[in-house]
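I opened this notebook to record what I looked up in the structure. The entries follow the order in which I consulted it.

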Amino acid sequence: EPILELRNVSAHYGNIQALKGISLKAFPGEVVTIIGGNGAGKSTTLMTICNVIKASGGDVLYEGRSILNLASAKLAPMGLCQVPEGRRIFPRLTVEENLEMGAFFRKDKAGISRDMEHIFELFPVLRERRRQPGGTLSGGEQQMLAIGRALMGRPKLLLLDEPSLGLAPLIVQRIFRIVEDINKQQGTSIMLVEQNANVALRMASRGYVLETGKVVMEGEAAALLDNP
Ligand code: ADP
Ligand code: ADP
């Protein structure tokens, strides 16, 4: 049974229909990617899942139940955590404080500091910078912090919106390798939105190709990679 399922989801910005009946699934433990060019509807899809944008039709199911009418703040405690596009970290808060924000709904303080230690093991540069304001980090480090903060919520499904955006290929490679480790070691399901199809399909097992608000292709990542 899928951990997440979109059934014929549509979404509008005023009169513009950004999503025209999107159906897709993510299964427990898998890395699934949503690829497509600029304006295809990738970000809108993620925002609709998290109820940042209200779907105008269809349904979104998480662990078998509809989450369409749940406030986005309810989702992280259920294990559905998002890393929005553009590395939205808190620039004035330190790295540690940013990470703590990701665990705001958790009560177990010992568990929180253990998880923070684990994130420092995954991203050693964040340990070095733990007392620095998030805004003083480089772009790649801020992306690591944004992912780390989402991980502090102990996601079952992690939604990543264009983590490669504006970063050097080498940094992207490092970040993706760590995301892969998180998936393999913790079994965290990953839904990865990417404009860079090559990078995304090398990491994912399955993919969906979006074009003007519709799924135009879907299948095994290897098959999509061969399809120019
Ligand atoms: P992608 O993430 O694939 O680049 P988006 O989901 O951002 O695509 O956009 C899908 C469509 O919705 C595009 O046509 C875009 O112009 C439109 N759109 C996105 N955000 C807004 C907005 N805030 N107001 C109006 N139209 C928008
Ligand atoms: P502003 O909207 O003027 O940037 P905010 O206090 O809302 O001021 O945000 C301060 C910083 O925190 C901004 O850099 C913003 O991108 C980031 N931010 C705001 N909301 C969130 C959020 N829900 N998750 C992560 N970062 C956020």
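**Entry 1: glycine 219**

I began with glycine 219, which I found in strand S10. I note at the outset that the model is predicted. Is glycine 219 buried, partly exposed or exposed? I read a relative accessibility of 23% for glycine 219, and I entered the residue as partly exposed because the buried class requires a value under 20%. Leaving aside residues up to four places away in sequence, I listed Ser205, Arg206, Gly207 and Leu224 as the residues that glycine 219 touches. I also looked up a pair that is 187 residues apart along the chain: the C-alpha atoms of glycine 219 and valine 32 are separated by 9.9 Å.

**Entry 2: the six-stranded sheet**

I next traced the open sheet of six strands, and I wrote down its order as S6-S7-S8-S3-S9-S10, with mixed pairing. Strand S6 (80-83) and strand S10 (214-220) are the edge strands, each pairing on one side only. From one strand to the next, I noted an average twist of 15 degrees. I then followed S6 to strand S7 (residues 157-161), where the two pair in the parallel sense over four bridges. For valine 83, I recorded leucine 160 in S7 as the bridge partner. Helix H6 (residues 169-186) packs on this sheet, and I found that H6 touches strand S3 (31-35), S7 and strand S8 (189-194). The direction of H6 makes about 155 degrees with that of S8.

**Entry 3: the four-stranded sheet and helix H1**

I turned to a second open sheet, in which four strands are ordered S2-S1-S4-S5 with antiparallel pairing. Its edge strands, each pairing on one side only, are strand S2 (16-26) and strand S5 (65-66). I noted two bridges in the antiparallel sense between strand S4 (residues 57-62) and S5. Which residue of S5 is the bridge partner of tyrosine 62? I identified arginine 65 as that partner.

Helix H1 lies across strand S1 (4-13), S2 and S4, and I recorded that H1 runs at about 110 degrees to S1. Within helix H1 (residues 42-49) I looked up threonine 45. I entered threonine 45 as buried, because its relative accessible area is 0% and the class covers values under 20%. Not counting residues up to four places away in sequence, threonine 45 touches Leu6, Leu19, Ile34 and Leu210.

**Entry 4: the largest pocket**

For the largest pocket I noted a volume of about 600 Å³. Of the 23 residues in its lining, I listed Ala76, Gln82, Pro84, Phe104 and Arg149 as the closest to its centre. S6 and helix H5 (139-151) each supply at least two residues of this lining. The largest share, four residues, comes from S6, which I had already entered as an edge strand. By class, I recorded 17 nonpolar, four polar and two charged residues in the lining of the largest pocket.

**Entry 5: the second largest pocket**

The second largest pocket has a volume of about 260 Å³. I noted its lining residues, including Ser164, Gln173, Phe176, Glu180, Asn196 and Met203. H6 and helix H7 (197-203) are the elements that give two or more residues to this lining. Which element gives the largest share of the lining of the second largest pocket? I found that H6 gives six residues. I closed the entry with the classes of the lining of the second largest pocket: five nonpolar, three polar and three charged residues.

Technical notes:
Residues numbered from 1 in each chain as written. Chains lettered and ligands numbered in written order. Predicted model: local features only at pLDDT ≥ 70, side-chain atom pairs only at ≥ 80, totals over all residues. Heavy atoms only, no water. Pairing = 2+ DSSP bridges. Axes fitted to C-alpha atoms, helices over the stretch in contact; angles between N-to-C directions. Contact = heavy atoms within 4.5 Å. 1 Å grid on protein atoms, 1.4 Å probe; cavity = no way out; pocket = protein on both sides within 12 Å on 5 of 7 lines; lining within 4 Å. Points joined across faces, edges and corners; volume = space filled by probe spheres on them. Nonpolar A, V, L, I, M, F, W, Y, C, P; charged D, E, K, R; others polar. Buried < 20%, exposed > 50% of the residue type's maximum accessible area, 1.4 Å probe, protein only.
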